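Visitor: I am new to reading protein models, and I would like to learn how one goes from a picture to a careful description. Could we take the features one at a time, with the general idea before the particular case?

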Amino acid sequence: AVYRVHWLRCHGRMGDGDGPDAQGLIVRPVDFHTARSRAKTDFELLIAISNGVLFSPMHPWRGRIADEDMVHVIAYVRALAPEYPHL
């Protein structure tokens, strides 16, 4: 539910960076399905969610949503785009 309310408009329903607001952004939202995104640790994702991403429209969420909700969003992103084992 937290993803749907706060991230869907930019990152899209499936987490591929094509939400309805993505078209109007100078810096495109991250596609969680890319190898680079899937390789990020949960800690790296938590830092990005907490502090925002410099020079992007991803603003900090610390203090705006509960820490527990940030952890739930990371779990949801992992479910949308799981990290595949190396072949």
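**Reading the model step by step**

Guide: Let us begin with an enclosed space, keeping in mind that this is a predicted model. By class, the lining of the largest cavity has four nonpolar, one polar and two charged residues.

Visitor: Which residues line the largest cavity, and how much space lies in it?

Guide: The lining consists of Phe 32, Ser 37, Arg 38, Leu 45, Val 77, Arg 78 and Ala 81, and the space in this largest cavity comes to about 30 Å³. Helices H3 and H5 each supply at least two residues of that lining, and the count of cavities of 30 Å³ or more is one.

Visitor: Ser 37 is on that list; is Ser 37 buried or exposed?

Guide: To decide, one looks at the relative accessible area, and under 20% a residue is called buried. Ser 37 has a relative accessible area of 6%, so this residue is buried. It belongs to helix H3, which covers residues 35-38, and, leaving aside residues up to four places away in sequence, Ser 37 touches Val 30, Asp 31, Phe 32 and Arg 78.

Visitor: How should I read the overall fold, and how many helices and strands does the protein have?

Guide: A useful habit is to list the elements and then to ask how the whole chain is packed. The protein has five helices and zero strands, and along the sequence these give the pattern α-α-α-α-α. Its radius of gyration is 12 Å, close to the 12 Å that the globule rule gives for 87 residues, so the protein is as compact as a globular protein of that length. The C-alpha trace spans about 35 × 30 × 25 Å along its principal axes, and buried residues make up 30% of the 87 residues. Among contacts with a separation of 6 or more, 41% are between residues 24 or more positions apart.

Visitor: What should I look for in the interior, and which residues have the most contacts inside the largest nonpolar core?

Guide: The general idea is that in soluble globular proteins nonpolar side chains tend to be buried together. Here the largest nonpolar core has 14 residues, and those with the most contacts inside it are Tyr 3, Trp 7, Ile 49 and Trp 61. Helix H4 (42-51) and helix H5 (67-80) each supply at least two residues of this core, and H5 gives the most, with five residues. If residues up to four places away in sequence are not counted, Tyr 3 touches ten others that you can find in the view, including Phe 32, Val 73, Tyr 76 and Leu 80.

Visitor: And Ser 50, where is that residue found?

Guide: Ser 50 is found in helix H4, and with 8% relative accessibility it counts as buried. Beyond residues up to four places away in sequence, Ser 50 touches Pro 60, Trp 61, Arg 62 and Met 70, and Trp 61 is one of the core residues named a moment ago.

Visitor: A pocket is open, unlike a cavity; what is the volume of the largest pocket, and which residues are closest to its centre?

Guide: The largest pocket has a volume of about 590 Å³. Of the 30 residues that line it, Trp 7, His 11, Val 30, Val 53 and Met 58 are the closest to its centre. Helix H1 (2-6), helix H2 (8-11), H4 and H5 each supply at least two lining residues, while the largest share, four residues, comes from H4. Sorted by class, this lining has 20 nonpolar, five polar and five charged residues.

Visitor: How do I read residues in the loops, for example Leu 25 between H2 and H3?

Guide: One asks again about exposure and then about partners. Leu 25 has 24% relative accessibility and therefore counts as partly exposed. It touches Cys 10 and Pro 57, residues up to four places away in sequence not being counted. Leu 25 and Pro 57 are 32 residues apart in sequence, yet their C-alpha atoms are 7.4 Å apart in space.

Visitor: What is the phi of Phe 55 near?

Guide: As background, most residues other than glycine have a negative phi. The phi of Phe 55 is near 60°, a positive value in a residue other than glycine. Phe 55 lies in the loop between H4 and H5, and because its relative accessibility is 74%, this residue counts as exposed.

How values were computed: Residues numbered from 1 in each chain as written. Predicted model: local features only at pLDDT ≥ 70, side-chain atom pairs only at ≥ 80, totals over all residues. Heavy atoms only, no water. Buried < 20%, exposed > 50% of the residue type's maximum accessible area, 1.4 Å probe, protein only. Contact = heavy atoms within 4.5 Å. Core = buried A, V, L, I, M, F, W, Y, C linked by side-chain atoms within 4.5 Å. 1 Å grid on protein atoms, 1.4 Å probe; cavity = no way out; pocket = protein on both sides within 12 Å on 5 of 7 lines; lining within 4 Å. Points joined across faces, edges and corners; volume = space filled by probe spheres on them. Nonpolar A, V, L, I, M, F, W, Y, C, P; charged D, E, K, R; others polar. Rg over C-alpha atoms; globule rule 2.2 N^0.38 Å.
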